[in-house]
Amino acid sequence: MRDHDYSATGMDEPSKPLTKFEDGALLFLLLIALGVIGIAVYLFIPKVQHFTYDPGTGKAYRQWTYGTVDVVEPDS
């Protein structure tokens, strides 16, 4: 009786080419994955929420989306 090679180290089976349906499905999944990654990257890039100008000191305060506040000095 012959032993079976369960790890498939001795057998070389050529892979079959993908059908048009499988190729289209993989492209669709790839586009969805890239879209989700793109949205996640866009959401985690800090953006300026708003500026506040103090006319008494002549300084502008810039608030970012994650709560950081910067003081913007006017150009001399």
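A charge is said to sit over a ring when NZ of Lys or CZ of Arg is within 6 Å of the ring centre and within 35 degrees of the ring normal. Keep that in mind as we look at Lys47 and Tyr42: the charged end of Lys47 sits over the ring of Tyr42, and the distance to the ring centre is 4.6 Å. The model you have on screen is a predicted one, so let us walk through what can be read from its atoms.

Start with the overall layout. The chain contains 1 helix and 3 strands, and following the sequence gives the order α-β-β-β. Of the 76 residues in the chain, 3% are buried.

Now turn to the helix, α1, which runs over residues 20-44. Its 25 residues span 36 Å from the first C-alpha to the last, close to the 36 Å expected at 1.5 Å a residue. How many of the residues of α1 are buried? The count is 0, and the helix is hardly covered.

With that in view, have a look at the nonpolar side chains on the surface. Leu18, Leu26, Phe28, Leu29, Ile32 and Val36 form a nonpolar patch there, and together they offer about 600 Å² of accessible area. One member to pick out is Leu26, which lies in helix α1. Leu26 has a relative accessible area of 47%, so it counts as partly exposed. A general point about helices is handy while you turn the model: an α-helix has 3.6 residues a turn, so residues three or four places apart point the same way.

Next come the charged side chains. The structure holds 1 salt bridge, in which the side chains of Arg62 and Asp70 meet at 3.6 Å, N to O. Are these two partners buried, exposed or in between? Arg62 is partly exposed, with a relative accessible area of 25%. Asp70 is partly exposed as well, also at 25%. Since buried means under 20% relative accessible area, neither Arg62 nor Asp70 falls in that class.

Finally, you may wonder about the aromatic rings. How many aromatic pairs does a search of the whole structure find? The search returns 0. The ring of Tyr42 does have the charged end of Lys47 over it, as described at the start.

Technical notes
Residues numbered from 1 in each chain as written. Predicted model: local features only at pLDDT ≥ 70, side-chain atom pairs only at ≥ 80, totals over all residues. Heavy atoms only, no water. Helix = DSSP H or I, 4+ residues; strand = E, 2+ residues; numbered from the N terminus. Expected span 1.5 Å × (residues − 1). Buried < 20%, exposed > 50% of the residue type's maximum accessible area, 1.4 Å probe, protein only. Salt bridge = Lys/Arg side-chain N within 4 Å of Asp/Glu carboxyl O. Patch = residues over 30% accessible without salt bridge, like charges linked within 9 Å, V, L, I, M, F, W, Y side chains within 5 Å. Areas by Shrake-Rupley, 256 points an atom, 1.4 Å probe, with all protein chains shown as cover. Phe/Tyr/Trp six-rings, centres within 6.5 Å; stacked < 30°, edge-to-face > 60°.
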